[in-house]
Each structure stands twice: as structure tokens, then as C-alpha cells.
Amino acid sequence: MGTKPPVLISQERIESRLRELGADISRDYRGADLIMVGILKGAFVVLADLVRFVEIPLRIDFMAVSSYGMGTSTSGVVSITKDLDLDIQGRDVLVVEDIVDTGLTLDYLLRTLKTRGPSSLSLFALLDKKEAREVPVDITYRGFEVPNRFIVGYGLDCGERHRELPYIGILEEEKGY
Ligand code: PRP
């Protein structure tokens, strides 16, 4: 007890990458009717930090989904447990995720949001666990590629633990973190 998961991506690296991506978003969406949609729970930290590096007007909304997967993997059966408050028809929607793993959640979510008629629909993902992908997902703004390991911190959990870590860590379960 008391030992924290080892650092994979430091707080400083996350901040500087978010600063770059925030500038990209500010440039790409200038004049747009931007709604940034955070997917709960994992994206709450990255969304909060990212919006402070975006220098154009925007609105924020949240969705929550649950996948009927066991343990650390997802099954592709996804249900919306909290829907958007805002109408996205004719708006420019940027979905903000902490991680894309198998891609099943985002594939479902993006297809669902598309049926609501947004002007544009893109994806920001802080982390891309490319090796684990089962269905292709188009990530417009990507923070970092990560190895196929159990990633925690900066919003990501293991059994609801570690979300508060200010960095991205790797869980080494054998050590009991
Ligand atoms: C994570 C992440 C994505 C999903 C990605 O959420 O935030 O929504 O898994 O996995 P996939 O690419 O394999 O579908 P999680 O289900 O852990 O819920 P949480 O955000 O509430 O922790």
C-alpha cells in the first residue's frame, strides 16, 4: 500500500500535448458551432484540461455509456446511460475520450451520434491503444499511442481506483497497486 503505479506519461507531457492539440482545435473550428462531448466517466479529466487550451467559443456536454463486458475488456454491446442535454443537429461535434481500446464503444457511439444530423463529427482521444483494436475508429486528434497494457490515471480506472492520478500510469497487478 502507498506505492503508486509507475509513470508511463508524465503530467508535463500530457499538458504540453494538450496545449498543442488545443491550438489545433482552435484553428480547425474557428467560426464553427462547436460542442465538445465528454464520455463519462473516464474523459472528465482530459476534457476539463483540454477546454482550457481551446481559445474559441464552445459548448460542453456529456454522455455516459456502459458496455456489458467483463473485467477489462468490452463486448461491443453498448447502452447509453446518460444522453446529451444539447441538440447536436447542425452543430460541429467533437467527442472527447480518454482512450480508444477495442474501438467497440466509439464505433457504436459515433454511429449513434451521426444519426442525429450533426454538421460534423470528429473524435479526440488522449490515448490510442492501437494494438487492441477490433474495429477501425477514425481519431482526428490523438494524444499518445500506448502499449497494450492496463493503463490507469488521469481519469482512467481499475475498479474505480486511480482516476485521480495526475499522470498516466501502468498497472502492475502482480504488485498489488
Ligand atoms: C473506456 C473508455 C472508452 C472505452 C474504450 O471506458 O473511456 O469509453 O473504455 O474501450 P473500447 O475501445 O474497448 O470500447 P470504460 O468502459 O472503462 O468506462 P469509464 O470511462 O466509466 O471508466
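Glu97 stands opposite Ala125 in strand β6, and that pair is a good place to enter this predicted model. The two strands involved, β5 and β6, run parallel and are joined by 8 bridges. Strand β5 covers residues 92-100, while β6 covers 120-128. Of the 9 residues in β6, 7 are buried, so this strand is largely enclosed by the rest of the structure.

Stay with Glu97 for a moment, because it also leads us to the ligand: the closest of the residues around the ligand are Glu97, Asp98, Thr102, Gly103 and Thr105, and 15 residues surround it in total. Which strand gives the largest share of this shell? That is β5, with 4 residues. If you sort the shell by class, you will find 6 charged, 5 polar and 4 nonpolar residues.

Now let's look at the backbone around the ligand. A backbone N or O atom of Gly103 lies 2.7 Å from a ligand oxygen atom. For Asp101, a polar backbone atom is 2.8 Å from an oxygen atom of the ligand. Lys41 joins in as well, with a backbone N or O atom 2.9 Å from a ligand oxygen. How much of the ligand does the protein bury? Taken alone, the ligand exposes 500 Å², and the protein buries 82% of that. Two elements, β5 and α3, give two or more residues to the shell.

That brings us to helix α3, which spans residues 104-114. Thr105, already met among the closest residues to the ligand, is buried in this helix, as are Leu104, Leu106, Leu109, Leu110, Thr112 and Leu113. An α-helix has 3.6 residues a turn, so residues three or four places apart point the same way. With that in mind, try following the buried positions along α3 in the viewer, including Leu106, Leu109, Leu110 and Leu113. What covers the buried residues of this helix? The cover includes β5 and β6, where we began, together with β2 (34-40), β3 (59-67) and β4 (78-82).

Finally, turn to another sheet. It is an open one of 3 strands in the order β1-β9-β8, with antiparallel pairing. Its edge strands, β1 (7-9) and β8 (151-152), each pair on one side only. Between β1 and β9 (residues 168-170) there are 2 bridges in the antiparallel sense. To find this pairing in the model, look for Ile9, whose bridge partner in β9 is Ile168.

Terms used: Residues are numbered from 1 along each chain as its sequence is written. This is a predicted model: local features need pLDDT of at least 70, side-chain atom pairs count only at pLDDT 80 or more; totals for chains, interfaces and linings use all residues. Side-chain values use heavy atoms; hydrogens and water are left out. Buried means under 20% relative accessible area, exposed over 50%, partly exposed in between (1.4 Å probe, protein chains only). Contact means heavy atoms within 4.5 Å. A residue is near a molecule or strand if one of its heavy atoms lies within 4 Å of it. A polar contact is a pair of N or O atoms within 3.5 Å; within protein, one must be able to donate a hydrogen and the other to accept it, and residues adjacent in sequence count only if both atoms are side-chain atoms. Accessible areas come from the Shrake-Rupley method with a 1.4 Å probe; for residues, only the protein chains shown count as cover. Ala, Val, Leu, Ile, Met, Phe, Trp, Tyr, Cys and Pro count as nonpolar, Asp, Glu, Lys and Arg as charged, and the others, Gly among them, as polar. Two strands pair if DSSP finds at least two bridges between them.
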